[in-house]
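Here are my notes for you, as promised. Keep the model open while you read, and take the points one at a time.

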Amino acid sequence: MNNVNELLKEKLTTENYNRLTALDNPKMHDFVADAIELAGPASVFVCTDSEEDRAYIRELAIKNGEEIPLNTPGHTCHFDGYRDQARDKAQTKYLLPSGSDLGASLNSIEKKVGVEEVRSFLKDSMVGREMLVCFFCLGPIDSDFSIPCIQITDSPYAAHSETILYRPGYEQFRKTGSSGDFFRFIHSEGVMENKVSKDIDKRRIYIDLEENLVYSVNTQYGGNTIGLKKLALRLAIQKASAEGWLAEHMFILGAHGPGGRVTYFAGAFPSACGKTSTSMLPGQTIVGDDIAYFRKKDGQIRCVNVEKGIFGIIRDVNSKDDPIIYDALTGPCEVIFSNVLIDGAKKPHWLGMGAELPTEGTNHSGKWHKGKTDSNGNEITPSHKNARYCLNIPDLSNRDPLLDDPNGVPVGGVIYGGRDSDTLVPVEQAFNWAEGIIIKGACLESETTAATLGKEGVRTFNLMSNLDFLSIPLGRYIQNNLDFANGIENPPLIFLVNYFLKDKDGKYLNGMADKLVWILWAELRVNGDVEAIETPTGLIPKYEDLEKLFKEHLDAQYTQADYVEQFAIRIPKNLAKLDRVEKIYKEKVSDTPQIVFDTFAEVRKRMKAAGGKHGDYISPFDLETI
Ligand code: SPV
Ligand code: MN
């Protein structure tokens with residue numbers, strides 16, 4: 001654009017113009033000018049890192065009706081449209097330049113066609129509205145991990161959420177000037193009706209990997225609009241692949257072992273499978289609950305939380321199972337609730353909060369009463385199953401002191417978890433890094449949940465719980481993970497966990513609290529404190545170690561019968577799982593590294609040999625301790 005400066009001067013007030021041009025970054029100026037020309041806002045607000053500017057955005061969200069103040073100071077509620085309650089996987093696509101190929105598993109659209117379409121939806125989308133230009137930093141500020149980002153949006157709710165979820169980035173832009181990459185996001189809610197996006201059929205989220213640029217339009221749900229969350233993760237995965245680091249869908253937890261020792265774990269679970277509650281385990285400290293970047297530093301693998309807040313599922317958060325989050329959600333601190341039920345006294349209510357819910361109020365369907373149905377005759381739940389809360393980790397009493405450390409935390413263990421009712425044991429350590437990546441991470445499956453649109457309860461393949469966000473071919477992603485431990489003398493141990501095992505009557509075999517024991521057992525393993533039992537697929541706990549952990553941490557009696565039922569090795573189920581996953585790699589992933597198939601063959605051989613010797617269901621007591 002030739003006349004960028006003139007356009008900015010004409011459309012911005014002097015103060016906003018000065019704020020923008022104090023950042024010496026012509027590429028960023030071009031982006032803002034183009035957005036103004038395209039979306040045609042009535043005014044533009046350039047947000048710095050000051051508390052005053054953040055307050056302006058918070059107040060704007062209330063003024064324009066996107067957030068409603070609740071009865072507790074600092075609390076607000078936002079509603080997304082009835083059909084805008086989750087990530088839209090079908091309409092989230094990569095803009096693919098002709099001649100390039102991301103593999104069949106990734107959703108894409110020809111770039112020229114896609115850009116034209118999404119820009120036509122963004123055209124004049126901000127007429128009569130204020131455009132917010134915000135700067136954030138992915139990862140801690142002033143760190144090798146940092147990636148500066150600019151978010152343009154007409155939604156003060158999206159901008160407000162980002163001020164909670166991400167570190168401020170205006171000063172970071174000032175420091176980096178025109179050098180270095182940055183990520184760019186432009187979002188518009190589109191035409192509004194009753195404060196929600198109206199043209200849901202024109203909802204689009206298009207990602208330009210060449211330009212590190214994401215377009216989002218005609219949607220409000222955070223997963224589609226908060227650019228720095230999953231949309232930035234997609235850009236980061238590509239950048240990481242090119243630069244030799246990793247961007248993962250992982251929490252980071254400080255697990256507290258004997259004698260005050262802290263061992264950090266990073267863990268990947270598909271949405272709504274216990275990821276946030278694992279990062280919030282009682283007595284432990286949280287670094288992050290959703291996205292982590294990993295780099296090698298001084299012979300160690302270290303990671304950071306890309307975020308500084310939580311956009312968590314509120315369903316089933318109650319004072320018994322999640323006391324720390326529950327306290328934050330019921331005390332005076334900054335929280336945005338979304339898609340919960342609000343009563344006449346402006347108090348939020350949600351499914352599974354441990355109290356009886358009102359029979360009427362306001363929710364994502366408008367005025368609500370018990371028994372209300374939608375146009376398809378489906379009963380509308382009081383709060384949506386994917387209703388969320390958004391809060392600052394520094395407001396939590398269990399925040400880890402290294403949350404903002406620019407060097408990150410050392411990774412002691414990596415954990416992969418999914419929702420599996422009948423195959424995997426509650427916890428198992430992989431024999432080594434490569435087998436961990438292949439058999440635990442790349443074989444991850446989970447039953448679907450309400451976090452994405454579509455049918456719930458279907459078992460789906462989701463490698464490293466990152467499938468939804470991959471921006472590189474799957475085989476390359478696996479190879480990057482395998483290679484990442486090269487040159488590291490003691491790579492992190494890799495574990496799987498499964499909190500969702502059921503008995504034959506469909507009853508869960510474990511209580512919610514049990515996960516603490518699995519993680520603390522992993523902590524002991526990382527530090528070489530306990531032995532383990534060798535199965536065909538890895539290493540599982542000895543009964544006496546679990547018995548002790550249950551007694552010490554949960555004051556519970558863990559019986560041998562519990563142990564045998566939970567830790568039996570289910571050979572036919574495990575073989576069936578391997579067959580299912582191998583079929584996907586054979587048929588759908590053309591660049592699968594050969595080592596993946598070799599490892600499948602090796603593990604299958606071990607399982608068959610163990611089955612031949614001990615039968616289909618092997619008691620852990622029949623196996624050797626090492
Ligand atoms: C998830 O669904 O994995 C989330 C929330 O963390 S979203 O922002 O929708 O991705
Ligand atoms: Mn997530």
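**Notes on the model**

1. Let's start with Met-464, which counts as buried at 0% relative accessibility. You'll find Met-464 in the loop between strand E31 (459-461) and helix H13 (474-484). Have a look at its backbone too: Met-464 isn't a glycine, yet its phi is positive, at about 50°. Before you go further, bear in mind that this is a predicted model.

2. Now compare Asp-555, another residue other than glycine with a positive phi, here near 50°. Asp-555 sits in the loop between helix H15 (543-554) and helix H16 (560-567). Is Asp-555 buried or exposed? With 62% relative accessibility, Asp-555 counts as exposed, whereas Met-464 is buried at 0%.

3. On to the ligand. Which residues are closest to ligand 1? Eleven residues surround ligand 1, and the closest are Arg-87, Tyr-221, Lys-229, Lys-230 and Ser-271. If you sort the shell by residue type, you get five charged, three polar and three nonpolar residues.

4. Zoom in on the polar atoms around ligand 1. The side chain of Lys-230 has an N or O atom 2.7 Å from an oxygen atom of ligand 1. For Arg-87, a side-chain N or O atom is 2.8 Å from an oxygen atom of the ligand. Asp-290 also has a polar side-chain atom 3.2 Å from an oxygen atom of ligand 1. How much of ligand 1 does the protein cover? On its own, ligand 1 has 280 Å² of accessible area, and the protein covers 96% of that.

5. Why does ligand 1 lie between two domains? Domain 1 (2-66 + 89-243) and domain 2 (247-309 + 402-622) both give residues to its shell, so the ligand lies between them. Notice that each domain is written as two stretches of the chain.

6. Next, charge pairs. Side chains of opposite charge can pair when their charged atoms come close. How many salt bridges does the structure hold? The count is 45, and I've picked out a few for you to find.

7. Begin with Lys-229, which you met among the residues closest to ligand 1. The side chain of Lys-229 meets that of Glu-307 in a salt bridge, 3.0 Å from N to O. This pair links distant parts of the chain, 78 residues apart: Lys-229 is in helix H9 (residues 227-243), and Glu-307 is in the loop between strand E19 (300-305) and strand E20 (309-313). Lys-229 and Glu-307 are both buried. There's a bigger pattern here as well: Lys-229, Lys-230, Lys-275, Asp-290 and Glu-307 are joined into one network by salt bridges that share partners.

8. Then try Arg-19 and Asp-53, whose side chains form a salt bridge at 2.7 Å, N to O. Arg-19 belongs to helix H2 (residues 14-21) and Asp-53 to helix H4 (residues 51-63), so this pair ties together parts that are 34 residues apart in sequence. Both partners, Arg-19 and Asp-53, are buried.

9. One more pair: Glu-211 and Arg-184 have side chains that meet in a salt bridge at 2.9 Å, N to O. Glu-211 is in the loop between strand E12 (204-208) and strand E13 (213-217), while Arg-184 is in strand E9 (residues 183-188), so the pair ties together parts 27 residues apart in sequence. Glu-211 counts as partly exposed, with 36% relative accessibility, but Arg-184 is buried at 8%.

10. While you're in that region, find Asp-208 in strand E12. Asp-208 is buried, with a relative accessible area of 3%. Its side chain reaches the backbone nitrogen of Glu-210 at 3.1 Å.

11. Finally, set distance along the chain against distance in space. Asp-316, in the loop between E20 and helix H11 (323-330), is 36 residues from Gly-352 in sequence, but their C-alpha atoms are 3.9 Å apart. Asp-316 is partly exposed at 38% relative accessibility. Thr-330 lies in helix H11 and is partly exposed at 41%. The C-alpha atoms of Thr-330 and Arg-19 are 37 Å apart, with their positions 311 residues apart along the chain.

Technical notes. Residues are numbered from 1 along each chain as its sequence is written. Chains are lettered from A and ligands numbered from 1 in the order in which they are written. This is a predicted model: local features need pLDDT of at least 70, side-chain atom pairs count only at pLDDT 80 or more; totals for chains, interfaces and linings use all residues. Side-chain values use heavy atoms; hydrogens and water are left out. A residue is near a molecule or strand if one of its heavy atoms lies within 4 Å of it. A polar contact is a pair of N or O atoms within 3.5 Å; within protein, one must be able to donate a hydrogen and the other to accept it, and residues adjacent in sequence count only if both atoms are side-chain atoms. Accessible areas come from the Shrake-Rupley method with a 1.4 Å probe; for residues, only the protein chains shown count as cover. Ala, Val, Leu, Ile, Met, Phe, Trp, Tyr, Cys and Pro count as nonpolar, Asp, Glu, Lys and Arg as charged, and the others, Gly among them, as polar. Domain bounds come from an automatic or database domain assignment. A salt bridge is a side-chain nitrogen of Lys or Arg within 4 Å of a carboxyl oxygen of Asp or Glu. Helices (H or I, at least four residues) and strands (E, at least two) are DSSP runs, numbered from the N terminus. Buried means under 20% relative accessible area, exposed over 50%, partly exposed in between (1.4 Å probe, protein chains only).
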